[in-house]
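This note is addressed to a colleague opening the model for the first time. Please keep the sequence and the structure in view while reading.

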Amino acid sequence: MCPFRRHERGRGPRRTGVRAPTGPVPALLDGARWPRSRDLGPNFFPSRPYWIRCGGGRITRVTVNSTHWPVVPFRVSVAGHVVKVGWFLAERDPHELLLLSYRMGHWNLLVVPPQTTPVSAAWPMAAASDPLGTSTASRLTEEAARLRTVSETDRAGVSDRTSAA
């Protein structure tokens, strides 16, 4: 089963202007990716990634904000085909990755920082996969950091109280 929802595009007469959505507002994020490193090469694109082929479609392009990526290659060879990589500063959320497929549309993914612990990564990954989610990748990253700080403060307070007793 494909881990990402497909963005449906209506087919109607071509018009200029903006129409109000008729159904529910789609989520801003379609899921999350938790890479092992900030290398967009082999660590980010394993030789047989489950998400490169999704529902018959093939990922052909990836875009990232280059703020958190030290090296961004132009192309990456993945599972027998080439994925083109684009990077932007102002247009892309620094904590988001965009996957594009000619046949299946696109997926906006939260990028969980590689150094994140499994416990700390669980909440933002689940929140990014919520079909009713309205948070951006940066907002989820900020909220996860805030929750981590609150949790660490609570643990420090408990250990201080137990050592004083």
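The points below concern nonpolar cores and internal cavities.

1. The model is predicted: local features need pLDDT of at least 70, side-chain atom pairs count only at pLDDT 80 or more, and totals for chains, interfaces and linings use all residues. Residues are numbered from 1 along each chain as its sequence is written, and side-chain values use heavy atoms, with hydrogens and water left out.

2. The largest nonpolar core (buried Ala, Val, Leu, Ile, Met, Phe, Trp, Tyr and Cys residues joined through side-chain atoms within 4.5 Å; buried is under 20% relative accessible area with a 1.4 Å probe, protein chains only) has 16 residues. Val62, Val64, Leu97 and Leu99 have the most contacts inside this core. At least two of its residues come from each of strand 3 (57–65), strand 4 (75–78), strand 5 (81–88), strand 6 (96–101) and strand 7 (105–111), where strands are DSSP runs of E, at least two residues long.

3. Another core lies apart from that one and has eight residues, including Leu29 and Val112.

4. There are two cavities of 30 Å³ or more. A cavity is a set of points on a 1 Å grid over the protein atoms alone where a 1.4 Å probe fits but cannot get out; lining residues have an atom within 4 Å of a point. A volume is the space filled by probe spheres set on the points, which are joined across faces, edges and corners.

5. The largest cavity holds about 80 Å³ of space. Helix 2 (137–164) gives the largest share of its lining, four residues; helices are DSSP runs of H or I, at least four residues long.

6. The second largest cavity has a volume of about 30 Å³. Its lining includes Leu29, Ala128 and Asp130.

Technical notes
Buried means under 20% relative accessible area, exposed over 50%, partly exposed in between (1.4 Å probe, protein chains only). On a 1 Å grid over the protein atoms alone, a cavity is a set of points where a 1.4 Å probe fits but cannot get out, and a pocket is an open set with protein on both sides within 12 Å along at least five of seven lines; lining residues have an atom within 4 Å of a point.
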